[in-house]
Amino acid sequence: MDFNTIMGILVWTGSGALLLFILMFVDSLFTRYKDFEEVKAGNMAVTTRLVLKLLAQGYILSASISTSNNLLDAVMVSIISFLILLVLEAIVRVLLRLWAKLELDVGTQQGKVGYGLFAGSLHMVGALIITACL
């Protein structure tokens, strides 16, 4: 392993970590509760949802990095994927509310781990589908 490879790893990892932090922060703005406050309070449902969303975004970033030689391209794929998942999650939330009378945000905020797991798994499935397209 040469110096350029080590520097590349540092740049890609640092950029990826910064991007994931920003995406998780932006995601927290779209919930009806304060994600990080709930995590601090020990809400395992919110923590589960947040961890699964982080894993999904990390997986998308990993796949985009492995298929790209350009950092900007990989970052753009992750941002666009995040937006796609955000929209799809909103659509699924509305459909679940109408069809099954299931309020994912409410149940997650109440600490119902199943709700958080369900909400986070939507992103994991979306990440698998998106990365299959890369």
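Good morning. I begin with one contact: the side chain of R93 makes a polar contact with the side chain of E89, at 2.5 Å. Please keep in mind that the structure before us is a predicted model.

Let us stay with R93 for a moment. Residue R93 is found in helix α4. Is R93 buried or exposed? Its relative accessibility is 12%, and buried means under 20%, so R93 counts as buried. Which residues does R93 touch, once its neighbours within four places in sequence are left aside? They are R49, L104, D105 and A119.

I now turn to the cavity. A search of the whole structure finds 1 cavity of 30 Å³ or more. About 40 Å³ of space lies in the largest cavity. Its lining consists of R32, R93, R97, L102, E103, L104 and D105; R93, with which I began, is thus one of the lining residues. By class, 5 of the lining residues are charged and 2 are nonpolar, while none is polar. Two helices, α4 (71–99) and α5 (104–109), each supply at least two residues of this lining.

Finally, the annotation. The UniProt record, an unreviewed entry, lists residues 6–30, 74–92 and 113–132 under "transmembrane region". How do two of these spans appear in the model? Residues 74–92 are 100% helix and 0% strand, and the end C-alpha atoms of that span lie 27 Å apart. For residues 113–132, the span is likewise 100% helix and 0% strand, with 28 Å between the end C-alpha atoms.

Thank you for your attention.

How values were computed: Residues numbered from 1 in each chain as written. Predicted model: local features only at pLDDT ≥ 70, side-chain atom pairs only at ≥ 80, totals over all residues. Heavy atoms only, no water. UniProt positions renumbered as here; feature names shortened; annotations may be inferred. Helix = DSSP H or I, 4+ residues; strand = E, 2+ residues; numbered from the N terminus. 1 Å grid on protein atoms, 1.4 Å probe; cavity = no way out; pocket = protein on both sides within 12 Å on 5 of 7 lines; lining within 4 Å. Points joined across faces, edges and corners; volume = space filled by probe spheres on them. Nonpolar A, V, L, I, M, F, W, Y, C, P; charged D, E, K, R; others polar. Buried < 20%, exposed > 50% of the residue type's maximum accessible area, 1.4 Å probe, protein only. Polar contact = N/O pair within 3.5 Å; in protein donor to acceptor, adjacent residues only side chain to side chain. Contact = heavy atoms within 4.5 Å.
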